[in-house]
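Reader: I should like to learn how to read the features of a model such as this one. May we go through them in turn?

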Amino acid sequence: MSLAVVVGAGGGIGRACADRLADDTRFAGVLRLGRRSVPPLDLLSEPSIAAAAAWAAEQGDIRLVLVATGFLHDARFRPERGLRELDPAHMAHAFAVNAIGPALLMKHFCPRLPRRGRVVFAALSARVGSIGDNQRGGWHSYRASKAALNQLVRTTAIELRRHNPDSICVALHPGTVDTALSAPFEKAGLDVRPPEVAAADLLVVIDRLETAQTGGFFDQRGEAIEW
Ligand SMILES: NC(=O)c1ccc[n+]([C@@H]2O[C@H](COP(=O)([O-])OP(=O)(O)OC[C@H]3O[C@@H](n4cnc5c(N)ncnc54)[C@H](OP(=O)(O)O)[C@@H]3O)[C@@H](O)[C@H]2O)c1
């Protein structure tokens, strides 16, 4: 039984992706994981990640893991506008949610993926995590934690290829999407899309990925983004 797993299925993009995958007959089911799921998965708790991964693997063959979690701001922390706003607690939280948590998902899910046939591990990153594309500065914690995520994806892709030669492990930029994460920063003139449209585009990109593209960083049109 082929399954898709969406981590962060309670978020704007994650929910839309899970709903769309539920209508995809290639998957017998979609496992929606997050802090409020059963079992619960909290990126700040490795035991919860390990337990959720073990549970998921017992449900069937996991053919797709889509990581749709992420942190940009909350009641405590806003994206930095300059060096004077750097706060170690903010930076640590961004790295915990955006880089270390997804790395632990890779640690616990990848060994449980089938060893034959197409498997995809896709993590939502962000174009602002591209070092080469950084023209404006600011948002230090978010940018740096997404750059770290991209490196972790690339590193995992190499190891996952040894586990399954048909595997694909990628970082994806969803475009600017109307969710709680982006809402405070939506400006006139930005191409902000509804989560349902973004989900449809992301799943087309995932469908079209070839194994030779593993380890890459792609946008919502499937175009490679520079590191
Ligand atoms: N929206 C955009 O314009 C945009 C642009 C570029 C990249 N992205 C990326 O796309 C991804 C999805 O973002 P979104 O816009 O859908 O944001 P969102 O609606 O705020 O969803 C974020 C998700 O992350 C989950 N999460 C946060 N901390 C967690 C933790 N400790 N453990 C488990 N889950 C946790 C949230 O879980 P709860 O439901 O439990 O809070 C929620 O499901 C993120 O990686 C983001 O960086 C978004």
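**Reading the model, feature by feature**

Author: Let us start with one residue: aspartate 87 lies in the loop between strand E3 (61–67) and helix H3 (88–109). Please keep in mind throughout that this is a predicted model.

Reader: Is aspartate 87 buried, partly exposed or exposed?

Author: The class follows from the relative accessible area: buried means under 20%, exposed over 50%, and partly exposed in between. Aspartate 87 has 29% relative accessibility and therefore counts as partly exposed. Its position can also be given relative to another residue: the C-alpha atoms of aspartate 87 and serine 141 are 9.0 Å apart, while 54 residues separate the two in sequence.

Reader: Let us turn to the ligand. Which residues come nearest to the ligand?

Author: One begins with the shell of residues around the ligand, and then looks at individual atom pairs. Here 28 residues surround the ligand, and Arg35, Thr69, Tyr142, Val177 and Thr179 come nearest. By class, the shell comprises twelve nonpolar, twelve polar and four charged residues.

Reader: Which N or O atoms of the protein lie at short range from oxygen atoms of the ligand?

Author: Three pairs may be listed, with attention to whether the protein atom belongs to the backbone or to a side chain.
- Glycine 12 places a backbone N or O atom 2.8 Å from a ligand oxygen.
- Arginine 35 has a side-chain N or O atom 2.7 Å from an oxygen atom of the ligand.
- Lysine 146 has a side-chain N or O atom 2.8 Å from a ligand oxygen.

Reader: How much of the ligand's accessible area does the protein cover?

Author: The reference is the area that the ligand has on its own, which is 890 Å²; the protein covers 89% of it. As for secondary structure, helix H1 (12–22), helix H4 (140–163) and strand E6 (176–177) are the elements that each give two or more residues to the shell around the ligand.

Reader: How is the packing of helix H1 to be read?

Author: The general idea rests on helix geometry. An α-helix has 3.6 residues a turn, so residues three or four places apart point the same way. In the present case, the buried residues of H1 are Ile13, Gly14, Ala16, Cys17, Ala18 and Leu21. These buried residues pack against strand E1 (2–7), E2, E3, E4, E6 and helix H5 (195–208).

Reader: How many aromatic pairs are there, and which residues form a cluster?

Author: Two values describe a pair: the distance between ring centres and the angle between ring planes. The count comes to three aromatic pairs. For tryptophan 139 and tyrosine 142, the ring centres are 6.0 Å apart and the planes stand at 75°; planes over 60 degrees apart count as edge-to-face, so this pair is edge-to-face. Tryptophan 139 is partly exposed at 25% relative accessibility, whereas tyrosine 142 is buried at 9%. Tryptophan 139 also forms an edge-to-face pair with phenylalanine 185, at 5.1 Å centre to centre and 65° between the planes. That pair links distant parts of the chain, 46 residues apart: tryptophan 139 is in the loop between strand E4 (119–124) and H4, and phenylalanine 185 is in the loop between E6 and strand E7 (192–193). Trp139, Tyr142 and Phe185 together form one aromatic cluster.

Reader: What is found in the loop between H1 and E2?

Author: A loop residue may be buried or exposed, and each case has to be checked. Phenylalanine 27 lies in the loop between H1 and strand E2 (29–33), and its relative accessible area of 16% makes phenylalanine 27 buried. Beyond its neighbours within four places in sequence, phenylalanine 27 is in contact with Ser2, Leu3, Ala4, Leu21, Arg63 and Leu64. Aspartate 24 is in the loop between H1 and E2 as well, and it is buried, with a relative accessible area of 16%. The side chains of aspartate 24 and arginine 26 are joined by a polar contact of 2.7 Å.

Reader: With which residues is histidine 163 in contact?

Author: Here sequence neighbours within four places are set aside. Histidine 163, a residue of helix H4, is then in contact with Cys110, Pro111, Leu113, Pro114 and Arg115. A polar contact of 3.3 Å joins the side chains of histidine 163 and arginine 115. Histidine 163 is buried, its relative accessible area being 14%.

Conventions
Residues are numbered from 1 along each chain as its sequence is written. This is a predicted model: local features need pLDDT of at least 70, side-chain atom pairs count only at pLDDT 80 or more; totals for chains, interfaces and linings use all residues. Side-chain values use heavy atoms; hydrogens and water are left out. A residue is near a molecule or strand if one of its heavy atoms lies within 4 Å of it. A polar contact is a pair of N or O atoms within 3.5 Å; within protein, one must be able to donate a hydrogen and the other to accept it, and residues adjacent in sequence count only if both atoms are side-chain atoms. Accessible areas come from the Shrake-Rupley method with a 1.4 Å probe; for residues, only the protein chains shown count as cover. Ala, Val, Leu, Ile, Met, Phe, Trp, Tyr, Cys and Pro count as nonpolar, Asp, Glu, Lys and Arg as charged, and the others, Gly among them, as polar. Rings of Phe, Tyr and Trp (its six-membered ring) pair if their centres lie within 6.5 Å; planes under 30 degrees apart count as stacked, over 60 as edge-to-face and the rest as tilted. Buried means under 20% relative accessible area, exposed over 50%, partly exposed in between (1.4 Å probe, protein chains only). Contact means heavy atoms within 4.5 Å.
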